[in-house]
Amino acid sequence: MGHSLGGTLKLDGEQIDFSNGIGYIETDRGRSFPSAYLWTQCVWDGTDQGSLMLAIATIQLPVGSFTGCVCSIFYRGQEYRLATYRGVRIETWSSSRAVICQGKYRLEVELLNERRQALHAPIEGRMERTVHESLCAKVRYRFWHGKDLLFQHTNKNASFEYSSTD
């Protein structure tokens, strides 16, 4: 969720240097994307270095469906996990906003600006669905513990994706 980078890449004759950079790697598994989901990810450096990933999704089951959430936040050397299996409550989620709470923790996510790109996504293993992903979105994240604001971070290089088949 935030590893070091090094090296260079030559693109169209221009050399891009990734020395002292920060990277993010994820893996998707399965044959289909959820019917509706929100995903956002952000990594930042500096004195308040941090990283977070939030995914909320409606999961179809043979008998009905449920909406679940998984979130991991690394901030100032500490990891915070908020998830359905830990009792997270999803207050709201939409194409531009999400609010989740777990115990005294509260995460607010707000999409401020985006540049969406079409992305092919699987339906039962066939790449027949088109979703739109913003890999350079401007997103504001606010993370609270009770009344204490642990951090507020706005990043113009965050990732944000929302899709619904409804």
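The side chain of Gln-102 reaches over to the backbone oxygen of Arg-81, with 3.0 Å between them. Keep in mind that this is a predicted model, so that distance is computed from predicted coordinates.

Where does Gln-102 sit? Its place is in strand β10, which covers residues 97-102. Leaving aside residues up to four places away in sequence, Gln-102 touches Arg-81, Leu-82 and Ala-83, plus Arg-86, Gly-87 and Val-88. Gln-102 counts as buried because its relative accessible area is 12%, and the cut-off for buried is under 20%.

Now for the surface. Leu-5, Leu-9, Leu-11 and Phe-18 make a nonpolar patch of about 320 Å². One of these, Leu-11, lies in strand β2 (residues 8-11). Is Leu-11 buried, exposed or partly exposed? With a relative accessibility of 48%, Leu-11 is partly exposed.

Here are the two residues side by side:

| Residue | Strand | Relative accessible area |
|---|---|---|
| Gln-102 | β10 (residues 97-102) | 12%, buried |
| Leu-11 | β2 (residues 8-11) | 48%, partly exposed |

Zooming out, the protein has 14 strands and 0 helices, so the pattern along the sequence is just β repeated from start to end. Of its 166 residues, 33% are buried, and Gln-102 is one of the buried ones. Among contacts with a separation of 6 or more, 44% join residues 24 or more positions apart. As for the outside, the accessible surface comes to about 10300 Å², and carbon and sulfur atoms account for 47% of that.

Conventions. Residues are numbered from 1 along each chain as its sequence is written. This is a predicted model: local features need pLDDT of at least 70, side-chain atom pairs count only at pLDDT 80 or more; totals for chains, interfaces and linings use all residues. Side-chain values use heavy atoms; hydrogens and water are left out. Helices (H or I, at least four residues) and strands (E, at least two) are DSSP runs, numbered from the N terminus. Buried means under 20% relative accessible area, exposed over 50%, partly exposed in between (1.4 Å probe, protein chains only). Contact means heavy atoms within 4.5 Å. Accessible areas come from the Shrake-Rupley method with a 1.4 Å probe; for residues, only the protein chains shown count as cover. A polar contact is a pair of N or O atoms within 3.5 Å; within protein, one must be able to donate a hydrogen and the other to accept it, and residues adjacent in sequence count only if both atoms are side-chain atoms. Patches are made of residues with over 30% relative accessible area and no salt bridge: like charges are joined within 9 Å, nonpolar side chains (Val, Leu, Ile, Met, Phe, Trp, Tyr) within 5 Å. A salt bridge is a side-chain nitrogen of Lys or Arg within 4 Å of a carboxyl oxygen of Asp or Glu.
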